[in-house]
Amino acid sequence: MLDQINQIMTQAKTKSQSAEVFAVNNVQTPVIFHANNLKSVETKQSQGYALRVFHNGKVGFASSSKPDDVEHVVQNALDTSQYGVSVNYEFSRHKDFPDIEVFDPETEAIPVEQMISIGEELIERIRSFNSQLLCDCRIVKSTSDVYLVNSEGGFSQYRKTVFAVSFEGTLMIGTDMLFVMDSIVSCHPVREMTSIVTNVIEQLSHSKQTSKISNHKIPVVFTPQAVSSVLMNPLLSALNGRSVLRDISPFSSKLSCKIMDSRISLQDDPTIPFIPASRPSDAEGIPSRQTVLIEDGVLKSFLYDLQTAAYMGTVSTASASRSINALPSPAPGVLRLSPGSKNHQKILDGVSEGIIVEQLIGAGQSNVQGGDFSGNILLGYRFQNGEIIGRVKDTMISGNVHEILNQVLDVSEDGRWIGGYLWSPYIMLDGISVASST
Amino acid sequence: MRDVIQEALKKRTNAHVEIRIEEKTTTSVRFKDREIEEVSLNTSLGGSIRALVGGGWGFVSFNDINNLDKKVDLAINQATIINAESLRLSDRSPVEHIGVSDLENDATAVPLHVKTQVLDEYAGIMGSNSAIQTSSIHYKDAAITDIFASNDGTYIEQRKADLALRLSALARNGGDVQQSGVSLGSNGDFSFVRKLHSDAQAVSDKAVELLAAKQLPAGEYTVVLDPILAGVFVHEAFGHLSEADHVYENQQLREIMRLGKKFSGKHLNVVDGALIPDLRGSYEFDDEGTPSSRTYLIREGELVGRLHSRETAARMNEKPTGNARSISHSFPPIVRMTNTFIEPGATTFEELISGIDYGVYAKNWYGGMTSMEMFTFSAGEANVIRNGKIEETVRPVMLSGNVFKTLEHLDCVGNDLAMNQGGGCGKQGQSPLPVSNGSPHIRIQQCLVGGA
């Protein structure tokens, strides 16, 4: 890969003012179980490289996955530059990066047979609790090599492994369908399935009967999973440097202002070792660092890449994210919400009636930029005085993240990692609109 | 290339083996306000091998198309490890087909400076509205050459094109941000892209109008859906449930989805088919080499068909429909929709709304999702219906429900079928797949409406 990158750089440098190559080489092995049985074993190799050039003061961009496509890519990038935006930043000159470990040779070496056994064990343990459950499961190991080279001397290269186990079970009674699910992801191999087994069995136990809510003005508890899938997208879009630049973030011009309940603190920290979204540098070769975004409800920073930072007269927060086929844009690395002081069970104990939301259908499909969320509860429970009464169905919740994060009732001390990018506690909120079918 | 592929397929007698090679060039243009934010040109070349041994699938994908022989070995080895009870694929006669592109107004042949010029007009229209905070245009076209060969003697070369475009505008009043947008697409035909001046105007007007609009209280309403949103409804609520890979291993769901079962009144007819020409979900052969078809899913309210791959069709003893699709060479084909729509009835729009005392007219779309039994779909625009008349605009709403109940509550189908080609479909990590969907106006009683 490096040979190819050097070839592109050599050609691009002579024809443009500055050039940058971003390249990724990935190999992943998914092992897939469907309806309780092993269905397929896959090997996916992919590689690709992207060239960004500054030419006549403008940005050009092209990418390819063809190994022998160098001249074509250089020409494409130069061609697009005549339409590109004016250059207002310089490429990174960094060559040294913090030592953030994200590669575990054991993950790469784990044999397919062992991955199959992990899946078999997981399905067997869960089905021993309920043999009616139809189980789908994916176990994936992945190794990526990421390269960032530019004509200013910037150079970043790292290797990352990711191991992911995800489980979904379907239980049907008549036309009633119950979906239970959990997943775990790490840079290390994950061999211990107890946490998934426990979580799924708990979901099944909580859903044995359905329960109708008696009152629509009740507290809603978001589990870490629901915080991730429902609340984070609207919140992150308001914290994105791109939204600030366009002045469409509800947080624009609110730096150092109190924007939500003081129990909410959020930081971006892609420096934690072996968390899948961690990395030594961002996708523009800026060394990873911690960024406090919200501290005790006060807005401290937005997420910037080089371009958005330059427009806003500030520096990159090492938040450039990109796929091979597009220019970088700001995105978080690893997010951590701060824990509260009570265990979530303690919080539930003090509430006469409420809903716990775990999964929502339709999250992220409304006016996210404005902070809105809405959806039907796919997996959630009604509770009274700390006790789960039953599953809530055919019930919609909706609200605006920027409003309801000012109506925090409590934040739990306990929480968990979700998707290898977020640590979240349970958050109990007031003021959410709840509607159910009759 | 053909020789190399056929050489790699030779003497593979102990497995069913498929080889796919895909070459794709993509052009993307993004406007932010009047400025071009990004123009990018992407080229990709890659392939995949799929092997079936007994009841196990092996799959290998790659960008380096050398040493196909070794990749076939790897796929067969992976399939062999699985050691599952043998499964059958539905029969199909071997096909040899070399397709040629006969597309008029091929977007991929339109020079880049023409694309940027045309889009700049719309950026100008949206930007000239001083109440708009920001607007954006995302344009993408792709030209694909796809080769499929299998060791049962099939060899197919297809040329495909795709075009997707979204115009959107945001209006802001303090912390209140409202957006409006329109998603459009075609099977590569550029001509519609030249005629969007009124769409651009409508998008920016709507975003501003929403700032003044009130939120509708959540609850159950009689709703009327416009053809675009009704298309999303039929895709989410019934289309996904018709995909046989959700059904074939699930005995209880097979019972519920038994052919002949009544789901709605005689006014409801639902069709899916890639054989219907010139739409985003149209093609001649699917990604298993099965010819495309036109399949009735619901006829006069009764379940009469479903969408199949070769594996699901054989398992359920039904005919393959040519619905096995993958989003690119790096994924195996799975059962997908193509062009899905509700056939028109006889009722005019005026008749459809005339009996409604208080209801919601929901139009346009943000998205939709399903879990089979339950689904959601979100409107981009909504109005109150009062005493049979369309009245004030309200904030966009999300609609949701149980598919079986909702199909029963779908009590009237209009006469004005229109197809929507914007957006794309996602399933099992494969997104966005080009599809189209459509419907006439439809009415649903007692539909659950959430806020925002």
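This section describes the domains, sheets, helix packing and chain contact of a predicted model.

In the predicted model, the domain assignment divides chain A into domain 1, residues 2–204, and domain 2, residues 209–438. For chain B, the assignment gives domain 1 as residues 2–212 and domain 2 as residues 219–450. The centres of the two domains of chain A, taken over C-alpha atoms, are separated by 23 Å, and the C-alpha centres of domain 1 and domain 2 of chain B lie 22 Å apart.

Within chain A, contact between the domains involves 31 residues of domain 1 and 26 residues of domain 2. On the domain 1 side, the elements that contribute two or more residues are β1 (18–34), β2 (37–55), β3, β4 (134–150), β5 (155–173) and β6 (176–186) of chain A. The residues on this side of domain 1 of chain A comprise 17 nonpolar, 11 polar and three charged.

Within chain B, 37 residues of domain 1 touch 29 residues of domain 2. Two or more residues on the domain 1 side come from each of β1 (16–32), β2, β3 (56–62), β5 (132–150), β6 (154–173), β7 (176–186) and α4 of chain B. By class, this side of domain 1 of chain B holds 11 nonpolar, 16 polar and 10 charged residues.

Several of the strands named at the domain contact of chain B also pair with one another. Strands β1(B) and β2(B) run antiparallel and are joined by 17 bridges. Along this pair, Glu23(B) is placed opposite Leu45(B) of β2(B). The hairpin formed by β1(B) and β2(B) has two residues between the strands, and Asp33(B) adopts a positive phi near 55 degrees there. Strand β1(B) also pairs with β5(B), in the antiparallel sense and over 15 bridges. In this second pairing, Arg20(B) has Phe148(B) of β5(B) as its bridge partner.

Two helix pairs of chain B were examined. Helix α1 (residues 2–9) of chain B packs on helix α2 (residues 68–82) of chain B at an angle of about 35 degrees, and the two axes are 9 Å apart. The crossing of α1(B) and α2(B) is right-handed. Residues Val4(B), Ile5(B) and Ala8(B) of α1(B) meet Leu68(B), Asp69(B) and Val72(B) of α2(B). The contact of α1(B) with α2(B) thus described has five nonpolar residues, no polar residues and one charged residue.

In the second pair, the axes of helix α3 (residues 112–127) and helix α4 (residues 197–212) of chain B come within 8 Å and cross at roughly 30 degrees. Helices α3(B) and α4(B) are therefore roughly parallel to each other, and their crossing is right-handed. Glu121(B), Tyr122(B), Ile125(B) and Met126(B) make the contact from α3(B), while His197(B), Ala200(B), Gln201(B), Val203(B) and Ser204(B) make it from α4(B). Classified by residue type, the contact of α3(B) with α4(B) includes five nonpolar, three polar and one charged residues.

Chain B also contains an open sheet of six strands, in the order β11-β10-β9-β14-β23-β20, with mixed pairing. The edges are occupied by β11 (302–303) and β20 (418–420) of chain B; each has a single partner strand, so one side of each lacks a neighbour in the sheet. Strands β14 (residues 339–342) and β23 (residues 436–439) of chain B pair in the parallel sense over three bridges, and the bridge partner of Thr340(B) in β23(B) is Asn437(B). Helix α5 (residues 227–239) of chain B lies across β9 (270–273), β10 (294–299), β14, β20 and β23 of chain B, and runs at about 110 degrees to β23(B).

The contact between the chains takes 67 residues from chain B and 61 residues from chain A. Strand β2 (residues 35–53) of chain B provides the largest share of the chain B side, with 12 residues. The chain B side as a whole divides into 28 nonpolar, 29 polar and 10 charged residues. Strand β2(B) also pairs across the chains: strand β3 (residues 58–64) of chain A and β2(B) are paired in the parallel sense over three bridges. Here the bridge partner of Ser64(A) in β2(B) is Thr43(B).

Note on methods
Residues numbered from 1 in each chain as written. Chains lettered and ligands numbered in written order. Predicted model: local features only at pLDDT ≥ 70, side-chain atom pairs only at ≥ 80, totals over all residues. Axes fitted to C-alpha atoms, helices over the stretch in contact; angles between N-to-C directions. Helix = DSSP H or I, 4+ residues; strand = E, 2+ residues; numbered from the N terminus. Parallel < 35°, antiparallel > 145°, perpendicular 65-115°, else oblique. Left-handed = near helix turned anticlockwise from the far one by under 90°. Contact = placed C-beta atoms within 7 Å. Nonpolar A, V, L, I, M, F, W, Y, C, P; charged D, E, K, R; others polar. Pairing = 2+ DSSP bridges. Domains from an automatic or database assignment.
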